[in-house]
Amino acid sequence: MNQVRTRLAALALLDRALNAMDDSELQGLLDNVSEELRSPFDQMIAMAAAESAEPVAMVRSAAQRGRMNGTLERVALVLCDPCLADCITELGDDSDNPSEEQLQAVIPGLIERHGLGTVRMMLASTIAGEAAAAATCTQLLKHDAVVALPAVATAPPVVRAASTADEAVKQRRKDDKARKQADARARREQAERARRG
């Protein structure tokens with residue numbers, strides 16, 4: 001059960017990182033997808049998207065619909081691959097399991113070259129991929145002054161105003177109930193009269 005919770009928490013961070021990225025930065029990542037991955041990537045988002053639209057909207061739709069089937073992770077992996085490769089190069093021998101301090105040392109350069117949203121998504125993708133540094137990356141995305149994800153905005157509960165159609169249905173049900181009760185009462189009275197006879 002704990003593994004399921006951990007997995008869902010990792011996917012939630014990845015989802016938040018993608019949602020926090022602005023459209024222009026996401027479009028920049030799309031423009032830089034390598035030629036060898038372009039066709040399969042385009043097919044993946046087209047198949048997983050809710051509808052055909054602009055590429056950025058298709059990526060967001062595909063990721064949203066593919067939270068549980070792996071599409072979200074595959075999208076992030078392809079889009080963040082150059083940033084991840086750069087991070088691995090910067091960390092050198094410590095890239096397998098860097099400390100928080102080591103990551104914090106390379107993050108400013110990564111942000112400068114790739115953008116804040118991309119670095120956040122790369123860290124979240126690392127967590128979802130269950131890398132050895134997942135716990136460290138989680139700490140950064142939750143608490144670091146530079147890369148922490150924005151707080152999740154909680155929407156107020158939606159209170160639906162009763163429509164006239166809703167009121168009509170309620171009134172019809174009330175009338176039906178009253179009619180059934182009157183019919184039952186009349187049958188009981190008739191049965192009582194017949195019994196007395």
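What follows is a chat between a colleague and a modeller about some labels used for this predicted model.

Modeller: Ground rules: in this predicted model, local features need pLDDT of at least 70 and side-chain atom pairs count only at pLDDT 80 or more, while totals for chains, interfaces and linings use all residues. Residues are numbered from 1 along each chain as its sequence is written, and side-chain values use heavy atoms, with hydrogens and water left out.

Colleague: Fine. Why is threonine 136 called buried?

Modeller: Buried means under 20% relative accessible area, exposed means over 50%, and partly exposed is in between (1.4 Å probe, protein chains only). Threonine 136 has 16% relative accessibility, so it counts as buried.

Colleague: Where is threonine 136 found, and what does it touch?

Modeller: It's in helix α8; helices are DSSP runs (H or I, at least four residues), numbered from the N terminus. Leaving aside residues up to four places away in sequence, threonine 136 touches Pro98, Ser99, Glu100 and Leu103, where contact means heavy atoms within 4.5 Å.

Colleague: And what makes aspartate 166 partly exposed?

Modeller: Its relative accessibility is 24%, and partly exposed lies between the buried and exposed cut-offs, so the label fits. Aspartate 166 is in helix α9 (residues 164-196). From valine 106 it is 60 residues away in sequence and 59 Å in space, C-alpha to C-alpha.

Colleague: Why is valine 4 partly exposed?

Modeller: Valine 4 comes out at 48% relative accessible area, therefore it is partly exposed. This residue is in helix α1.

Colleague: Now the cysteines. How many disulfides does the structure hold?

Modeller: Zero. A disulfide is a pair of cysteine sulfur atoms within 2.5 Å. Cysteine 80 is in none: the nearest cysteine sulfur, that of cysteine 83, is 6.3 Å away.

Colleague: Why is there no bond from cysteine 87 to cysteine 83?

Modeller: Because the sulfur of cysteine 87 is 6.7 Å from that of cysteine 83, its closest cysteine sulfur, which is too far for a bond.

Colleague: Are cysteine 80 and cysteine 87 buried or exposed?

Modeller: Cysteine 80 has 2% relative accessibility, so it counts as buried. Cysteine 87 is at 5%, so it is buried too.

Colleague: Last one: what makes a nonpolar core, and how many residues has the largest?

Modeller: A core is a set of buried Ala, Val, Leu, Ile, Met, Phe, Trp, Tyr and Cys residues joined through side-chain atoms within 4.5 Å. The largest has 45 residues, and those with the most contacts inside it include Phe41, Val59 and Leu123. Helix α5 gives the largest share, nine residues.

How values were computed:
Helix = DSSP H or I, 4+ residues; strand = E, 2+ residues; numbered from the N terminus.
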